[in-house]
Amino acid sequence: MKILVIVTHPKMEESLINKRWVEELKKFPEKYTVHQLYESYPDENIDVKKEQELIEAYDKIIFQFPFYWFSSPPLLKKWLDEVLLHGWAYGSKSGFKVGGKKIALAISVGVDDGDYSAEGKYKYTMIELLRPFELTFEYIKADYKDPFVYYGMEHNPSPEWIEKSVPQYLDFIDDL
């Protein structure tokens, strides 16, 4: 079954790595469906029914985004708030429409991974900072998996560094 990749990047045209990941995913339309939120909703008016139907059609879903202010870009938060509704995603009469689906995050990070540790600049690991996502997906009974995180884009935006990430990312998705 194909994998849905929901990409949330507010400035995709300026992106180095997220744009490259999307380019690679689009080479394999038989394997991946790429859904770009900022492209689909430039006015940020989310078609909730359409999004719910899209989610229902896939068993494996990746949320791809750059790490912004220790979280996701704002449209992904809005998407979570508006799409994962009571009565559809959770609640005693919801049927838990996302329940059992494998969900993972794929995140690009500007700084090095050492900055995300108890001893590092930001005092917390990436896993700790992503707990709200983990709890959200567990709450709706999805099968949340550990994230794919690619660090160092701010300090090493070389084409070689970016290309190194591509097979790692694809392997991560395929192994989900």
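## Strand E4 and its neighbours

Six of the seven residues in strand E4 (residues 102-108) are buried, so the rest of the structure largely encloses this strand. The model is a predicted one.

E4 pairs with strand E3 (residues 60-66) through seven bridges, and the two strands run parallel. Within this pairing, Phe 65 has Ile 107 of E4 as its bridge partner. The connection from E3 to E4 passes through helix H4 (residues 74-83). This β-α-β crossover is right-handed.

Strand E5 (residues 143-144) also pairs with E4, in the parallel sense, over two bridges. Here Ile 103 stands opposite Tyr 144 of E5. Strand E6 (residues 148-150) is joined to E4 by three bridges, again running parallel. Ile 107 has Val 149 as its bridge partner in E6. Ile 107 is thus bridged to Phe 65 and to Val 149.

In a regular strand, side chains alternate between the two faces of the sheet.

## Helix H4 against helix H3

Two packed helices are described by the angle between their axes and by the distance between those axes. For helix H3 (residues 48-56) and H4, the angle is about 90° and the axes lie 10 Å apart. An angle of 65 to 115 degrees counts as roughly perpendicular, so H3 is roughly perpendicular to H4.

H3 contributes Val 48, Glu 51, Gln 52 and Ile 55 to the contact. H4 contributes Trp 79, Glu 82 and Val 83. By class, the residues of this contact are four nonpolar, one polar and two charged.

## The loop between E3 and H4

Ser 72 and Trp 69 both sit in the loop between E3 and H4. Are they buried or exposed? Ser 72 has 9% relative accessibility and therefore counts as buried. Trp 69, at 80% relative accessibility, counts as exposed.

Leaving aside residues up to four places away in sequence, Ser 72 touches Phe 65, Pro 66, Lys 77 and Phe 133. Of these, Phe 65 is the residue bridged to Ile 107 in E4.

## Positive phi angles

Most residues other than glycine have a negative phi. Trp 69 is not a glycine, yet its phi is positive, at about 45°. Lys 141 is not a glycine either, and its phi is positive at about 65°. Lys 141 lies in the loop between helix H6 (131-139) and E5. E5 is one of the strands paired with E4.

Note on methods: Residues are numbered from 1 along each chain as its sequence is written. This is a predicted model: local features need pLDDT of at least 70, side-chain atom pairs count only at pLDDT 80 or more; totals for chains, interfaces and linings use all residues. Side-chain values use heavy atoms; hydrogens and water are left out. Buried means under 20% relative accessible area, exposed over 50%, partly exposed in between (1.4 Å probe, protein chains only). Helices (H or I, at least four residues) and strands (E, at least two) are DSSP runs, numbered from the N terminus. Two strands pair if DSSP finds at least two bridges between them. A crossover is right-handed if, with the strands pointing away from the viewer, the path from the first strand over the helix to the second runs clockwise. Axes are lines fitted to C-alpha atoms, for helices over the stretch in contact, and angles run from 0 to 180 degrees between N-to-C directions. Angles under 35 degrees count as roughly parallel, over 145 as roughly antiparallel, 65 to 115 as roughly perpendicular and the rest as oblique. Contact means heavy atoms within 4.5 Å. Ala, Val, Leu, Ile, Met, Phe, Trp, Tyr, Cys and Pro count as nonpolar, Asp, Glu, Lys and Arg as charged, and the others, Gly among them, as polar.
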